[in-house]
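Colleague: Got a minute? I'd like a quick tour of this one.

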Amino acid sequence: MNAPVPPAEALRTALATLLDGLPPKQAAQAVDRLIANYRGATPTDAPILRDRADVAAYAAYRMPATFEAVRSALDALAAAVPDWVPAGHVDVGGGTGAATWAVSATWDGTRPVTVLDWAEPALALGREIAAARPALRDARWQRTRIGADLTLDRTDLVTVSYVLNELTAPDRDRLVDAAAAAAQTVVIVEAGTPDGYARVIEARDRLLAAGFHIAAPCPHSAACPIVPGTDWCHFSARVRRSSLHRQVKGGSLAYEDEKFSYVAATRLPVAPAPSRVVRRPQIRKGQVLLDLCEADEQLRRTTVTKRHGDLYKAARDADWGDAWPPCASET
Ligand SMILES: C[S@@+](CC[C@H](N)C(=O)[O-])C[C@H]1O[C@@H](n2cnc3c(N)ncnc32)[C@H](O)[C@@H]1O
């Protein structure tokens, strides 16, 4: 029997076929147009993803990266609520469905899935590529505008991935409040920029005020120890570049790193990480320097040396974004 295809691979294959038949130059132009639109004034009054070329460009160019970022956030969530499996999922501003792929890659099995977005061409394409993933074949793709009258049906998990950036401040608040009212667990992912982090922190504050606890990345549900304007909490997910990426960005690098900020909050009992590695670890001769966000609400640098034995080995394997120390079975 053939081994099942990993979701990231299945997604790449489904996306590769999208651009079949489209001359490479035209595909690259569609991506350029999209990037220019995203650089323009957002929020907008109408969808940026207007037609199939826009959406195919978005999916082929951005979806592998947003999938990996959400996947990373969900892994950290799953570690903090190890016995939980969402029984339903609503992806708001879900576009072509990157977060639905990430949820189905994190938790086996099927569940009712609804993707909400105001861009019909994005929903149509999302439905088309989801046909390649059995767990998503019955997903509902529903046209919805995030605005004053947004309400969400009750569900276990709401994801909001790379969407807050496109909304006005009142709509961001409405969306987070609607998510908090509908779901047990809410995951918000934004670009790993100072502005993305600021939007995540605003959402985090609202979720805490609604009675949620933080599952990840923070080791506590108190205020973020970062002094506003001095730094921003963000992480990095490795993404295999497609040939379209190489074409648009030039160079021959096989990978690129997607920077993202996120918060996963829940009403369930949680066991957050004891502390979290918040920068790329620095490996020196005989020692590893780890920048940690700790449960006592402090940011600290710790040095792990050879004298620490197994912990030193674990530190050499530790990655930006990991829980620290790893659980006993991993050291
Ligand atoms: C950058 S894309 C992210 C798509 C997807 N969540 C992902 O992670 O790949 C932002 C999505 O938000 C949707 N969006 C933006 N403003 C919206 C609004 N007011 N109502 C509904 N959808 C909106 C866009 O159509 C687009 O699909």
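Modeller: Sure, here are the domains, the core and the ligand shell. This is a predicted model: local features need pLDDT of at least 70, side-chain atom pairs count only at pLDDT 80 or more, and totals for chains, interfaces and linings use all residues. Residues are numbered from 1 along each chain as its sequence is written.

Colleague: How is the chain divided?

Modeller: Into domain 1 (7-266) and domain 2 (275-330). The bounds come from an automatic or database domain assignment.

Colleague: How many residues does the contact take from each domain?

Modeller: It takes 11 residues from domain 1 and 12 residues from domain 2. Contact means C-beta atoms, placed from the backbone, within 7 Å.

Colleague: And the largest nonpolar core, how many residues has it?

Modeller: It has 99 residues. Such a core is a set of buried Ala, Val, Leu, Ile, Met, Phe, Trp, Tyr and Cys residues joined through C-beta atoms within 7 Å. Buried means 20 or more other C-beta atoms within 10 Å of a residue's own, with C-beta atoms placed from the backbone. Helix H3 (residues 52-80) gives the most, 17 residues. Helices are DSSP runs of H or I, at least four residues, numbered from the N terminus.

Colleague: Why does this core lie between the domains?

Modeller: Because domain 1 and domain 2 both give residues to it.

Colleague: New topic. Which residues come nearest the ligand?

Modeller: Thr-66, Gly-93, Gly-95, Trp-118 and Ser-161, of the 21 around the ligand. Being near means a C-beta atom, placed from the backbone, within 6 Å.

Colleague: Which helices supply at least two shell residues each?

Modeller: H3 and helix H4 (98-106).

Methods: Buried ≥ 20, exposed ≤ 12 C-beta atoms within 10 Å, placed from the backbone. Contact = placed C-beta atoms within 7 Å.
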